Amino acid sequence: MDRNYNKTLYACFTGYIVQAVVNNFVPLLFLVFQASYGIPLSKITMLITINFGLQLVIDLASVTFIDKIGYRASALIAHVFSAAGLLLLTVLPDVCRDPFTGLLIAVMVYACGGGLLEVLISPIVEACPTKNKEKAMSLLHSFYCWGHVGVVLISTLFFRVFGTANWKVLAVIWSLIPLGNVFAFWKVPLAPLVAKEERSMTMKELMTKKVFWILMLLMFCAGASEQSVSQWASTFAEKGLGVTKTVGDLLGPMLFAILMGTSRAFYGKYGEKINLNRFMLYSGILCILSYLLISLTGTPALGLIGCGLCGLSVGILWPGTLSMAPMFLKNGGTAMYALFALAGDSGCSGGPTFVGLVSSAAGDNLKKGILFAVLFPLCLIIGILASGRMKKVSVARIQGQSE
């Protein structure tokens, strides 16, 4: 690979750290917002809904403009919006008549950046002339995990040393990452996703392919399997072990993110020696076992171990599906990656919602919600088996034609 494309990969790795910042920094400030601006928590939690909801809209809308303005311009815009949203957090709540409105506007700005990054970064890496694209994709997605861990650790340390009253200083510091990456994407080489003499598939063409819907199912279930546990990991740690919110965040989501990142980094290093389809299948089985350990055990420590095993098991599912896609849909192009981002983000939103609804119906029994959510990794395994069968048929057909 051209050494210059190493710089492209580094910029993409940083891009996923940016996405981790915009998705995970503000939730650490919910109690601060409540105390500083007198906003009820029931209203503040809407910021998460708006963030991910708007990212879903951007996932779909990006199909209409990314190819027109180009990947470089889109990447620059994504980073500018991410930085602007973080900076506006420090200004708008104090200048708007309603502080919540100011927070909402800032979140909407960086959500636009986060949604664009979700669509852009994976295809940019896929287009780079790397020898093993599956390894590069898995390593890329591990940086979201490390970014998540970094945001929680650094923010917790900052608040411990300087106090939560100085959260605006930290927001400015975090904004420097997307601002710096603007200059990186300004210069790095970007390879075309589809060769000049070829054309990308349209959304209509994609939807006529059976394998496309199987991959969409995999993306949805990957997101749902991940977030159904991740979003509740802190609650497990707090209620099950009787620890504080800070310790709960470190024991729950941090353990989950570290093991998820470890799984992705492992495949990123040894991927050429591992069968991707088989690795995803075994990961799906481990995911089911982790769900059962969380929901059926009566020991809090085992439940927490189950959360960690879930993080380890889901690590490869999202990047693995993105790596499988070009094998079946060679010229899927921007539309394919945008729709996959839409399916994955829908799973990230739908999974925790499903767990919450079932838990509520079962008398706020969170374990019952997790138990019923085993449906997601189960459907994922079915999708992996179906895709593996289709791949064998495709290879046999190609071999038959060559003979």
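Here are four short exercises, with worked solutions, on a predicted model.

**Exercise 1. How do helices H16 and H18 pack against each other?**

Start with the tools: two packed helices are described by the angle between their axes and the distance between the axes. Now find the helices: H16 covers residues 276-296, and H18 covers residues 317-328. Their axes come within 11 Å and cross at roughly 150°. Next comes the hand: H16 passes H18 in a left-handed crossing. Then pick out the residues that touch. H16 brings Leu276, Asn277, Met280 and Ser283, while H18 brings Leu317, Gly320, Thr321, Ser323, Met324 and Met327. Last, sort them by class: you get five nonpolar, five polar and no charged residues.

**Exercise 2. Which residues line the largest cavity, and which helix gives the largest share?**

First, see how many cavities there are to look at: two reach 30 Å³ or more. The largest has a volume of about 40 Å³. Walk round its wall and you meet Val22, Asn23, Val26, Pro27, Leu47, Ile48, Asn51, Phe52 and Tyr110. Now match these to helices. H1 (3-24) and H4 (46-61) each supply at least two of the lining residues, and H4 has the largest share, with four. As for chemistry, the lining splits into seven nonpolar, two polar and no charged residues.

**Exercise 3. What lines the second largest cavity, and how do its residues divide by class?**

Begin with the space itself, about 40 Å³. Around this second cavity sit Glu118, Val119, Ser122, Met219, Trp318, Leu322, Tyr337 and Ala341. Three elements give two or more residues each to this lining: H8 (99-127), H18 and H19 (333-361). H8 takes the largest share, three residues. Finally, do the class count: six nonpolar, one polar and one charged. To name the charged one, go back through the list with Asp, Glu, Lys and Arg in mind, and you land on Glu118.

**Exercise 4. Which side chain meets Lys168 in a salt bridge, and how many residues apart are the two?**

Recall the idea: side chains of opposite charge can pair when their charged atoms come close. The model has three salt bridges in total. For Lys168, the partner is Asp94, with 2.2 Å from N to O. Check that against the cut-off of 4 Å, and the pair qualifies. Now place both ends: Lys168 is in H10 (residues 167-187), and Asp94 is in H7 (residues 92-95). The two are 74 residues apart, so to speak a link between distant parts of the chain.

Definitions and conventions: Residues numbered from 1 in each chain as written. Predicted model: local features only at pLDDT ≥ 70, side-chain atom pairs only at ≥ 80, totals over all residues. Heavy atoms only, no water. Axes fitted to C-alpha atoms, helices over the stretch in contact; angles between N-to-C directions. Left-handed = near helix turned anticlockwise from the far one by under 90°. Contact = heavy atoms within 4.5 Å. 1 Å grid on protein atoms, 1.4 Å probe; cavity = no way out; pocket = protein on both sides within 12 Å on 5 of 7 lines; lining within 4 Å. Points joined across faces, edges and corners; volume = space filled by probe spheres on them.
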